[in-house]
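Biologist: I should like to learn how the surroundings of a ligand and the open spaces of a protein are read from a model. May we begin with the ligand?

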Amino acid sequence: MSATRTQQSHGYKPLGRRYPETSIGWYRRTFNVPKEDAGRRISVEFDGAFRSALVFLNGYFIGRNDNGYAPFCFDVTDFTNFGGKNFLVVRMDASFGDGWFYEGAGIYRHVWLTKTDPLHLERWETYARPTVKGNSAAIALGTVVQNQGTTAESCRVRWQIMDHSGKVVGTADSDTQSVSPDGSATFTATANLNNPALWSPESPNLYSAVATVEAAGKPRDAERATFGVRILAWDPDKGFFLNGKRVAVKGTCNHQDHAGVGAALPDRLQWYRLAVLKDMGGNAVRTSHNMPTPEWVEACDRMGMMMMCETRQMSSNPEGMAQLETMIKRYRNSPSIILWSMGNEEWTMMPQPQGVRVIDEMIARSHELDPTRRCSAAVNAAFETHFPEQLDVMGFNYNLKVHDEWHKAHPKKPSVGSETASTVSTRGIYSTDKLRNWVSAYDLNHTAWSQLAEEWWKFYAPREWLAGGFAWTGFDYRGEPTPYGWPSVSSQFGIVDTCGFPKDNFYYYKSWWGSEPVLHLFPHWNWDQRNGEPISVWVHTNLDSVEVFLNGKSQGSKKVEPLTHLEWKIPYKPGVLEARGTKDGKVVLTEKRETTGEPASIRLTPDRSEINADGEDVAVLTVEALDKEGRTIPTADYPIHFKISGEGALIGVGNGDPNCQESDKEPMRSLFNGLAQVIVQANRTPGKITVEAFTKDYPPPNLPPTQVTIMTRKVDIRPAVE
Ligand code: GAL
């Protein structure tokens, strides 16, 4: 890849050898380890860090990790200063990337200091694997105990199975075994659960299995594995089944990136983002193209979102296998994961005999580590070769033309759309403007290799053998500003923008993926420059028919054809555009777009009025400009300034504009087509956070300042090193 192409992929971030000052970062953290910890094992664990980490403790080199996504862990006991200060120094180097999208730079996930007994459970070895039989489930339990002490230990592992309320609903004990010094041993047992509450997106019922290793009757280490009971089945003719019921995968691919914060998402944002996708009717996500952060998986488990979990490196080399093993061991208990992905679009390798050997090796190892899940990969080429035949579940990326033929030739292979759509649109824009790098938000634009929302879903929905698919992408992300280059810095592929503000296609998906009645009318009705000109008026709806009115005058009624939008051409006149949607002969929903007046006020709307005073939780505020009637002005584009006071701080701002060059961290953001977002984070003192918004240097009328208060409540704080 040329430097320019790489820069474009990464959203023109100053990363690479030419920018050492922003590509290389040193982190230094001081912490105390009390004298009483002498004799315990101390380790430092990174959930993932971008990338090429060099880790030092107290001046001693500890180790390195090149991958930017897989967690890694170092036992630092020998280098620890017990009873005094410790200095952890980490050098991160993001000069080289792993992918062709903006991936962040530095430590963007949590880092943990873990202290254990010398006799302890080994990292990521504990599993709880349910098999449903009739009204009960047998839970196969397993873990590995490691003895880093100096004498052999006779021990056993006891498991307690708990339901979501913490009630113990099952127990199991392993046999007793002796574990030699510097040795380890595997312990297993089986527990039974009667009438388990099954996990599904609608009812994300969870259980936990707490494994405790005991020696001489005393607990020495314990770990909680959260799991769910559900039955997965992939069928070549009928698609995907969850708990015996066919479920269409209504998925989106997503990168780890959000407005204002980039790759370093506070945990709460995972929930925020999933809520947006669920509201759209989505039931699945694909972690393209790398191991997800643990909190994303946890949010999927708890909120009920299925996941296709993907490793970064499709390779059977030691690094590729290590990444794959870590991913599977780390996440195999998570009920949200329905499919492992061995990687994405390795089109040079796939047609070669090497590709077949590599994928065979990866799949065999995945099955050993997790016999309950099938493996797939995202295939965009080499359909006629042996590579896709090796997959348990074929993953189609785009290429609608080959699907039917491939299925006919491989009638025993289940299939899913691992990547589809790549529809491009800019939120709130209704005509493509190549000078401004805008793409119209009508469902009209896609790349040479991809499809419109309506095209791909119309293709997938009626084909029962296709299990559904994952649209590229749920959220916009930094990098890959296709179809433009600088000054575009983020993608236009998202169904929602980088803040999570819906583009109009959101309502196409909501109509045909969701279960609620939907009526969405667009565009906005502020077209002063186009008086008398015909405007394309679209409606996304799942009702029976829709009648559109302009200033009370009918513009005609149209019958809804399933999976298809409705369209009118209406000469512009300011006023009120209204859609009335009918179901079974009755008007059940109406929606209006009104020509708005001059800006009169600013509105700030936090997603929650109270958050945790834990130094981590965030409130996400929507910023709008209103006219004097209190209507949102959909074309407002002027800068709004913010002042945050009290028990919290600003951590990012955004507006979903793919071309915006404003700082993500300064207390100012221009509205983009009427919207901006502010993210504030609580500190650890309960109280209130006040967010004020005001205009400055804006030609009259200046808008009166406004403010909202977010309460922060006292909660247990996660332990952290001091
Ligand atoms: C795919 C690729 C994605 C993204 C997308 C854009 O081929 O897997 O990562 O680049 O194209 O359309």
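Biologist: How many Å from an oxygen atom of the ligand does a polar side-chain atom of E345 lie?

Modeller: This is a predicted model. In it, the separation between a polar side-chain atom of E345 and a ligand oxygen atom is 2.6 Å. For H289, a polar side-chain atom is 2.5 Å from an oxygen atom of the ligand, and for W449 the corresponding value is 2.9 Å. The ligand exposes 310 Å² when taken alone, and 93% of that is buried by the protein.

Biologist: Which residues surround the ligand?

Modeller: Among them are W100, N344, Y398, E419, S422, W472, E480 and F493. Sorted by class, the shell comprises 5 nonpolar, 3 polar and 3 charged residues.

Biologist: How is empty space located, and which residues lie nearest the centre of the largest pocket?

Modeller: A probe the size of a water molecule, rolled over the atoms, shows where empty space is left. Here the largest pocket holds about 1800 Å³ of space. Of its 47 lining residues, E45, W112, R123, R224 and R330 lie nearest the centre. Elements giving two or more residues to this lining include β16 (218–227) and α5 (318–331). The lining has 23 charged, 13 nonpolar and 11 polar residues.

Biologist: Which element gives the largest share of the lining of the second largest pocket?

Modeller: That element is β1, with 5 residues. The second largest pocket contains about 1300 Å³ of space, and R29, R109, H110, V111 and W112 lie nearest its centre. Its lining has 22 nonpolar, 12 polar and 12 charged residues.

Technical notes:
Residues numbered from 1 in each chain as written. Predicted model: local features only at pLDDT ≥ 70, side-chain atom pairs only at ≥ 80, totals over all residues. Heavy atoms only, no water. Near = heavy atom within 4 Å. Polar contact = N/O pair within 3.5 Å; in protein donor to acceptor, adjacent residues only side chain to side chain. Areas by Shrake-Rupley, 256 points an atom, 1.4 Å probe, with all protein chains shown as cover. Nonpolar A, V, L, I, M, F, W, Y, C, P; charged D, E, K, R; others polar. 1 Å grid on protein atoms, 1.4 Å probe; cavity = no way out; pocket = protein on both sides within 12 Å on 5 of 7 lines; lining within 4 Å. Points joined across faces, edges and corners; volume = space filled by probe spheres on them. Helix = DSSP H or I, 4+ residues; strand = E, 2+ residues; numbered from the N terminus.
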